[in-house]
Amino acid sequence: MKRVYVNEEWCLGCHLCEYNCAYANSGLSDMAVALKDKKIFPRIRVDGEDRITFAVSCRHCEDPLCVKSCIAGAISKIDGVVKIDRDRCVGCLTCVLVCPYGALAPGENGTMQKCELCLENACGEPACVTGCPNRAIVYEERGGAE
Amino acid sequence: MKRYVIIGNGTAAVGCIEGIRSVDKTGDVTVISGEKHHVYSRPLISYYLEGKTDLERMKYRPEGFYEENGCRVLSGVRAAAIDSANKNVVLDNGGSVEYDALCVATGSRPFVPPFAGLDTVEKKFSFMTLDDALALESALAPDCRVLIVGAGLIGLKCAEGIFDRVGSVTVCDLADRVLSSILDAECASVVQEHLEEKGIRFLLGDSADRFEGNAAVMKSGERVEFDVLVLAVGVRANTELVKEAGGEVNRGVVVNESEQTSLDSVWAAGDCAEGFDASAGANRVLAILPNAYMQGRVAGINMAGGEAAFDNAIPMNSIGFFGLHIMTAGSYGGEMTEEREDGNVRRFFTDGDLLKGYILIGDTGRAGIYTSLIREKTPLSTVDFEFAKKYASNLIFSQEIRRKRFGGVV
């Protein structure tokens, strides 16, 4: 299946992916209304410092530890996509404890959120990828099951 | 058609069902469930009392889970014995169920020390099951004084869960610190101070000598009046079925990496079972939810004829109280290094070139990166561990490793 992959050497560290993610998942149709003067809670984060930067988001692992570890049974893998039911999440952070990639973080209301590939918001494909000015993140098929 | 039987209906049972079904879509699965509830998440009972979840959202799997997985659930029925010679589980209602593969997922039960005068206490509760939580809830009132015996994970989550619904909460423990199973003395005092600031009162290094109706007379001589008593001293693994059937049992049911017990065609998973703690190099009961699921799943896959092993189990906990978060993992031997900044505590325990354990208080972001170093026994010489001590980041890995992690299928 298609996933978001990182070309680290092309990352400019511009953080645009974070803003595009937050906007895509805001449910709003005006970017300024969605983001201006607000603390954003993107599901992709630029990690690293100085000259080395790269975007980190859910890897949609073949064998996801977060799914097995969620104490509320709120994380599941459906058709290859690891999804979280935020209505059932209690914010215990056990998924943060086990995710080897550091790909989950709490959202504004304290429940966890994660990249779900923009398949269920208005974008239909990852907004971080669409808006990346340097193709440092791409959405493509690179083999693997499912 | 293969007949699978699972004793228990908690997280390990769900893991077992999903493990079986990943291999065998058609075999006959029977779940023996002592509790009459649809499978729910045990650790959520404190969140339920706190109002952060409800009975519907506490379901660990959706309503149609058993039907979709072709499971027959014997609800309100308990296993009385395992007849391993005849591959038969004897039920407490007089019936029996034959198996080709059996998973014992019986969990644990509260351990209640023989306190003198406990029978004189009118309102006393354990805090393990949903029924315990519902019973406790019915006794709560805005002005009631609650005494919780036990300052471990269960006792303190209970304290947090009920705090806004009662007049006062006092927690006592024979140990001289809170969360003694997962925190060292200094980290425990950080957490204790935070809880005291919120208004919880502690009596540590002290326990009830005897109860006299609505009062506990402590070993120190102090008399603590209360309206509601919660007993959260500890838990014991439910090993009796396996032991009486002649299976090997220590503190929990002894299992190998495939979750097989010493009995033929019998597996065990979850809080009733021991596991190999890869961080300590020894067997112990790892009574945490992720471990229950993973053991159950591995058991189920093997029961159905597949091949799976669980060889990198470690103790780990993510727990928060009134906004302060704590994460711990692994074991705390070896050399300790600490970073403190802005009230955040990061303690790392290393042995030679390996990270063995950590304790984080406050900032716990991306802690799974640390956990993976323990689980995967990553040589610290291959990562930038000095950087890692200050901040959990993928920057600690080499570019080549990062290319695999973020450019490949994982």
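**Exercise 1. Domains 2 and 3 of chain B**

In this predicted model, the centres of domain 2 and domain 3 of chain B, taken over C-alpha atoms, are 33 Å apart. Give the bounds of the domains of chain B, then describe the contact between domain 2 and domain 3 of chain B.

*Solution.*
1. The assignment for chain B lists domain 1 (3-108 + 236-303), domain 2 (118-233) and domain 3 (323-407).
2. In the contact, seven residues of domain 2 of chain B meet eight residues of domain 3 of chain B.
3. On the domain 2 side, five residues are nonpolar, one is polar and one is charged.

**Exercise 2. The two domains of chain A**

State how chain A is divided, and describe the contact between its domains.

*Solution.*
1. Chain A has domain 1 (1-57 + 116-146) and domain 2 (60-114).
2. The centres of these domains, over C-alpha atoms, are separated by 18 Å.
3. Domain 1 of chain A puts twelve residues into the contact, and domain 2 of chain A puts in twelve residues.
4. The domain 1 side of that contact consists of six nonpolar, two polar and four charged residues.

**Exercise 3. Chain A against chain B**

Work out which elements of chain A supply the side that touches chain B, and which of them gives the most.

*Solution.*
1. The contact joins 34 residues of chain A to 40 residues of chain B.
2. At least two residues each come from strand 1 (2-6), strand 2 (45-49), strand 3 (52-56), helix 3 (65-69) and helix 4 (94-98) of chain A.
3. Helix 4 of chain A gives the most, with four residues.
4. By class, the chain A side holds 18 nonpolar, seven polar and nine charged residues.

**Exercise 4. Cys71(B)**

Decide whether Cys71(B) is buried, partly exposed or exposed, and name the residues it touches.

*Solution.*
1. Cys71(B) belongs to strand 3 (residues 71-75) of chain B.
2. Cys71(B) has 19 other C-beta atoms within 10 Å, so it is partly exposed; a buried residue needs 20 or more.
3. Not counting residues up to four places away in sequence, Cys71(B) touches Ile17(B), Val29(B), Val31(B) and Tyr66(B).
4. For Val31(B), the separation from Cys71(B) is 40 residues in sequence and 6.9 Å in space, C-alpha to C-alpha.

**Exercise 5. The largest nonpolar core**

Find the residues that touch the most other members of the largest nonpolar core, then list the contacts of Val230(B).

*Solution.*
1. The core has 172 residues, and Ile6(B), Cys103(B), Val104(B) and Val230(B) touch the most other members.
2. Helix 8 (residues 289-303) of chain B supplies the largest share of this core, eight residues.
3. Beyond its neighbours within four places in sequence, Val230(B) is in contact with Phe125(B), Phe127(B), Leu136(B), Val146(B), Ile148(B) and Cys158(B).

How values were computed
Residues are numbered from 1 along each chain as its sequence is written. Chains are lettered from A and ligands numbered from 1 in the order in which they are written. This is a predicted model: local features need pLDDT of at least 70, side-chain atom pairs count only at pLDDT 80 or more; totals for chains, interfaces and linings use all residues. Two residues are in contact if their C-beta atoms, placed from the backbone, lie within 7 Å. Ala, Val, Leu, Ile, Met, Phe, Trp, Tyr, Cys and Pro count as nonpolar, Asp, Glu, Lys and Arg as charged, and the others, Gly among them, as polar. Domain bounds come from an automatic or database domain assignment. A residue is buried if 20 or more other C-beta atoms lie within 10 Å of its own, exposed if 12 or fewer, and partly exposed in between; C-beta atoms are placed from the backbone. A nonpolar core is a set of buried Ala, Val, Leu, Ile, Met, Phe, Trp, Tyr and Cys residues joined through C-beta atoms within 7 Å.
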